[in-house]
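Visitor: I'm new to this one. Could you show it to me and let me ask a few things?

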Amino acid sequence: MKLFKKVLCILLSLSLLIGGLVLFSHAAGSAKACNCGSIPRVTLPGIGDALYMNFGTSEQSEVGVVNTDGLTEQILPIIKNVISAAATRSWDKGADALSALANGMFAHLQVDEYGKSVMPISNPPVFNKDQDHRESPSYKFRYDWRLDPMEIAVELNEFIKQVMASTGHKKVILTSHSEGGLICMAYFAQFGHSAIEHFIPEFSAHNGLNMIGELFTGNVQLDAAQLTAYLRAFGGTSDGGFQAILAPLSDMLDVSGLARPLISAVGLLLENVQDKVFADTLIPLFGQWPALWGFVPDEYYEDAKVFMLSDPKYADFIKLIDNFHYKAGPGTADKIIARVNKATKVSIIAAYGFPPIPVVAQFYDTDALIDTARASSGATTAGYGKTFPENYKQKVAGHDHISPDRRIDASTCLLPDQTWFIKDHPHFSFEHHELLDFLASSKKQPTVFTDKNFPQFTTRLPDKTFVPTVAQAPAAEVTLLTSARELLSGGWKLIVDSIRG
């Protein structure tokens with residue numbers, strides 16, 4: 001009898017366990033499969049998305065990238081100190097002034113030597129379970145863009161699972177902007193791509209930025225021609241407002257001769273304070289962001305660690321950033337994308353028409369931030385403002401992938417038939433919705449030949465409309481009285497010469 005009771009108890013326990021597992025399985029899979037045809041999209045923004053102080057508490061508040069509290073009161077005295085330092089060759093005073101300005105604007109975003117936020121600032125992903133994907137298919141994944149991409153990718157994986165469970169879809173479309181591309185590489189490296197229907201990186205930093213590589217190896221250079229070119233190009237994309245005055249301002253600086261002496265004066269200051277500014281400001285404020293290290297291209301990476309992280313206290317931090325760099329960083333990104341493309345759709349969007357941000361003395365095409373060659377996974381560019389010679393032949397045989405303005409050779413891209421280029425589209429603008437919708441709604445892998453309305457090369461006009469790119473017209477000449485130009489240039493030259501002593 002006792003044996004019978006024991007056997008009965010065991011059988012009852014097993015039945016309850018099995019029954020519970022069945023009920024749990026039914027509950028977990030209770031969301032009905034959706035066949036609406038509108039596959040939900042998970043979108044990843046880049047640096048600059050909102051961050052929050054004391055998130056989830058009664059004291060929660062949004063914080064900006066730049067702290068503007070008291071900025072008006074402090075900026076003029078600091079500028080005066082900078083000018084005074086250059087004039088009197090008081091380099092420590094100049095370095096202290098620059099550090100004060102940077103700390104005043106960015107100290108709230110500081111990350112410690114272990115890659116953790118110093119202030120209680122975060123941006124944890126919040127899933128909206130009440131969102132109807134048939135009416136609003138895009139689910140924005142928010143994250144703290146300062147921190148480790150590998151850790152953020154773990155949060156992304158859970159977010160994608162929530163979207164699929166809520167919508168009844170087995171896959172999602174994954175779109176990424178800027179740093180979002182780094183997070184996607186970390187996601188694919190850790191979790192594969194079985195949950196992704198279509199991957200669409202747009203103006204993506206998955207292959208890094210030359211500018212960050214140069215900065216993190218201490219190669220900071222200012223160039224007057226590059227500054228005026230950058231202002232002219234960036235200002236030319238606007239149809240009004242403050243940005244519209246940048247183009248005429250650049251022309252004035254250029255033809256009046258003001259740009260060169262101004263840049264020379266600032267450059268002279270930087271030459272003498274760079275080491276102190278790096279040690280006191282750049283490394284503590286930005287060099288300890290794990291995510292920024294994801295922007296360092298592979299060819300700069302080891303030298304950058306020597307230059308920025310020589311202090312033994314960074315031993316654990318180096319392990320952290322190495323984990324991303326060697327598993328999902330710029331040196332591995334194209335291999336990851338090629339692997340994803342074997343099983344799912346991939347469509348890449350890049351832009352060109354801008355020189356780099358003028359802190360490095362190089363003239364290559366960018367989208368005003370990210371190198372065109374890197375964002376497109378390998379395009380060959382003629383160089384900012386240049387065109388290929390008339391006898392130029394694309395480097396890889398096949399479809400015609402030379403842009404009508406002869407500035408881009410897309411044949412060298414990782415996926416030449418699946419890479420779109422928008423001329424004069426700044427990194428920080430988001431008007432290309434029709435192209436994104438076309439790509440996201442494609443049932444099969446779209447190519448640059450699928451729809452004549454979405455050719456490989458288009459141009460963004462200042463009124464934010466898009467037209468097919470055409471042959472490049474000769475650059476317009478800007479004229480001014482030669483005597484006035486020489487007079488102003490000569491006057492500023494005397495000032496700079498006096499500063500140099």
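Here is a short round of questions and answers about this structure.

Visitor: Before we start, what kind of model is this?
Guide: Good thing to ask early. What you see is a model that is predicted.

Visitor: Let's pick a helix. How many residues does helix H4 have, and what does it reach from its first C-alpha to its last?
Guide: Helix H4 runs over residues 149–167, which is 19 residues. At 1.5 Å a residue, 27 Å would be expected. The helix comes close to that, with a reach of 26 Å.

Visitor: And which residue follows H4, with a positive phi?
Guide: Look just past the end of the helix. The phi there is positive, near 80°, and the residue is Gly168.

Visitor: Is Phe159 of H4 buried or exposed?
Guide: H4 has a list of buried residues, including Ile152, Leu156, Ile160 and Val163. In general, residues three or four places apart in an α-helix point the same way, because there are 3.6 residues a turn. Phe159 also belongs to a cluster linked by ring pairs, together with Phe127, Tyr139, Phe141 and Tyr143. As for your question, Phe159 is on the H4 list too: buried.

Visitor: Speaking of rings, how many aromatic pairs are there?
Guide: Ring pairs are counted when the centres lie within 6.5 Å. By that rule the count is 18 aromatic pairs.

Visitor: Take Phe106 and Phe286. Is their pair stacked or edge-to-face?
Guide: Their centres are 5.3 Å apart, and the planes make an angle of 70°. Angles over 60 degrees count as edge-to-face. Phe106 sits in helix H3 and Phe286 in helix H9, 180 residues apart, and both are buried. So, with 70° against that cut-off, the pair is edge-to-face.

Visitor: What about Phe438 and Phe454, stacked or edge-to-face?
Guide: This pair links Phe438 in helix H15 with Phe454 in the loop between H15 and strand E13, 16 residues apart. Both are buried. The centres are 4.5 Å apart with 5° between the planes, and that makes the pair stacked.

Visitor: On to strands. Why is strand E9 described as largely enclosed by the rest of the structure?
Guide: Ile348, Ala350 and Tyr352 point one way from E9, while Ile349 and Ala351 point the other way. Residues on both sides are buried. E9 counts as largely enclosed because the number of its residues that are buried is five of the five.

Visitor: Which residue in E12 stands opposite Ile349?
Guide: E9 pairs with strand E12 in the parallel sense, over five bridges. Opposite Ile349 in E12 you'll find Trp420.

Visitor: In the open sheet of three strands, which are the edge strands?
Guide: The order is E3-E2-E4, with antiparallel pairing. E2 and E4 pair over two bridges, and Tyr52 has Ser122 in E4 as its bridge partner. The strands that pair on one side only are the edge strands, E3 and E4.

Visitor: Last one: why does Gln394 count as buried?
Guide: Gln394 is in the loop between strands E10 and E11, where its contacts beyond its close sequence neighbours include Ile402, Asp409 and Ser411. Polar atoms of its side chain lie 2.8 Å from the backbone oxygen of Val396 and 2.8 Å from the backbone nitrogen of His401. Buried means under 20% relative accessible area. Gln394 counts as buried because its relative accessibility is 18%.

Methods. Residues numbered from 1 in each chain as written. Heavy atoms only, no water. Helix = DSSP H or I, 4+ residues; strand = E, 2+ residues; numbered from the N terminus. Buried < 20%, exposed > 50% of the residue type's maximum accessible area, 1.4 Å probe, protein only. Polar contact = N/O pair within 3.5 Å; in protein donor to acceptor, adjacent residues only side chain to side chain. Contact = heavy atoms within 4.5 Å. Expected span 1.5 Å × (residues − 1). Pairing = 2+ DSSP bridges. Phe/Tyr/Trp six-rings, centres within 6.5 Å; stacked < 30°, edge-to-face > 60°.
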